[in-house]
Amino acid sequence: MTGTGLLAFGEALAMFSTRSGKLRHATSVEVGIAGSEAMVAIGVARLGVSSSWAGRLGADEPGALVLARLREEGVDTSAVRTDRRAPTGLMIKDFRNTDAMRAAFYRNGSAGTRLCPEDVPEDHIREAGVLHLSGLTPGLSDSAAKAVFAAAETAREEGVPVSLDVDYAHALWYPEDAADVLYDLVGLCDIVFIGDDAARLLGLDGDPQELAAALAELGPEQVIVELGPRGAVAELHGSRYDVPNYPVRSVDTEGADDAFVAGYLAEFLTGASPDRRLRTAAACRAFSLTVPGETTSLPDREELKVLTRPR
């Protein structure tokens, strides 16, 4: 490992949401940002670990919003590219109730879809402790997929661990297209987070422990199969772990997986033991469930103490 901090590379969007039903009936909206890699970068920064995000944004107010929110959270944005020919992508959310959220994405022709290998910040990768990617960005476009692979290959050449959240989105690409790309990408990674459904998309089969073992055989030394409310199982450096959930009252599941990833990577970057990485990841996920919103639900160290304090 050549560096100490996280570099997340991928997509970020401006987000507008209402919690009072359909957007058409709203008189006001909440303004924020979205994007899996950006959320992980914020989550790691909240836990007191150096963090940066790199990607492509439009030269517009939504892009300025994304940059401002990231910088407010202490995330370094010096590797961000500005695209003056394309707008920043948008996400619009509305809620019917706490269990029924709808999201609409406006990405066609966005700056994020124009991400390309030339955007890979090679110098920043060399200085990173971990490069983090997601399976969403390769689904944006062919050039974005090439950029993600170029980033992973650069990190491997420099001896920088590569982390991947294999997050398949039906709205972005067909399963058969995603399966081949994500399968190849897993083989370039050292740390893989994946749901059991996504593991089966890659052609793997079996119970969660068998899925973790099969993924580890593809190359990653650290595989975490996330099971939502059922916890997670992990195969880390040849040893298996069961990761239970903390019992909490869930009010919003959005961002829970990103919180889990951020907790794990923050501890990995500080040299924590596998057991500590997983316990912090589970605690971050649990805390995020108790607070609405992706960004607002990401905990800091003091908040985690409240959740994990013996009772």
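Is H132 buried or exposed? H132 is buried, with a relative accessible area of 0%. Buried means under 20% relative accessible area, exposed means over 50%, and partly exposed lies in between, with a 1.4 Å probe and protein chains only.

This is a predicted model, in which local features need pLDDT of at least 70, side-chain atom pairs count only at pLDDT 80 or more, and totals for chains, interfaces and linings use all residues. Residues are numbered from 1 along each chain as its sequence is written, and side-chain values use heavy atoms, with hydrogens and water left out.

## The whole protein

The protein has 10 helices and 14 strands. Both are DSSP runs numbered from the N terminus: helices are H or I with at least four residues, strands are E with at least two. The C-alpha trace spans about 50 × 50 × 35 Å along its principal axes.

The radius of gyration is 18 Å, which agrees with the value near 19 Å for a compact globule of 311 residues. That radius is taken over C-alpha atoms, and the globule rule is 2.2 Å times the number of residues to the power 0.38.

Of the 311 residues, 56% count as buried. The accessible surface comes to about 13500 Å², and carbon and sulfur atoms hold 47% of that surface. Accessible areas come from the Shrake-Rupley method with a 1.4 Å probe; for residues, only the protein chains shown count as cover.

Contact means heavy atoms within 4.5 Å. Take the contacts between residues at least 6 apart in sequence: 70% of them join residues at least 24 apart.

The protein carries 30 positive and 47 negative charges, and their mean positions are 7 Å apart. Lys and Arg count as positive, Asp and Glu as negative; His and the chain ends are not counted. Each charge is placed at NZ of Lys, CZ of Arg, CG of Asp or CD of Glu.

## Two helices

Helix α9 covers residues 274-289, and helix α2 covers residues 61-72. The expected span of a helix is 1.5 Å times one less than its number of residues.

| Helix | Residues | Expected span | Distance between end C-alpha atoms |
|---|---|---|---|
| α9 | 16 residues | 22 Å | 23 Å |
| α2 | 12 residues | 16 Å | 16 Å |

Helix α9 is mostly covered, with 13 of its 16 residues buried. In α2, the buried residues are G63, L65, V66, L67 and L70. Their cover includes β2 (13-18), β3 (30-34), α1 (36-46), β4 (51-54) and β5 (56-58).

P62 also sits in α2. P62 is partly exposed, at 21% relative accessible area. Its C-alpha atom is 5.4 Å from that of A14, although the two are 48 residues apart along the chain. Beyond neighbours within four places in sequence, P62 is in contact with A14, T88 and L90.

## Strands and a loop

Back to H132, which lies in strand β9 (residues 128-134). Which residues does H132 touch, not counting those up to four places away in sequence? They are L6, L7, A8, F9, E37, V40, S163, L164, D165, V261 and L265. G63 is 69 residues from H132 in sequence and 21 Å away in space, C-alpha to C-alpha.

A234 belongs to strand β13. A234 is buried, with a relative accessible area of 3%. Leaving aside neighbours within four places in sequence, A234 contacts V223, I224, S239, R240, Y241 and L278. Between A234 and Q222 there are 7.4 Å, C-alpha to C-alpha, and the two are 12 residues apart in sequence.

H237 lies in the loop between β13 (232-236) and β14 (239-243). H237 counts as partly exposed, at 43% relative accessibility. Its phi is near 55°, a positive value in a residue other than glycine.
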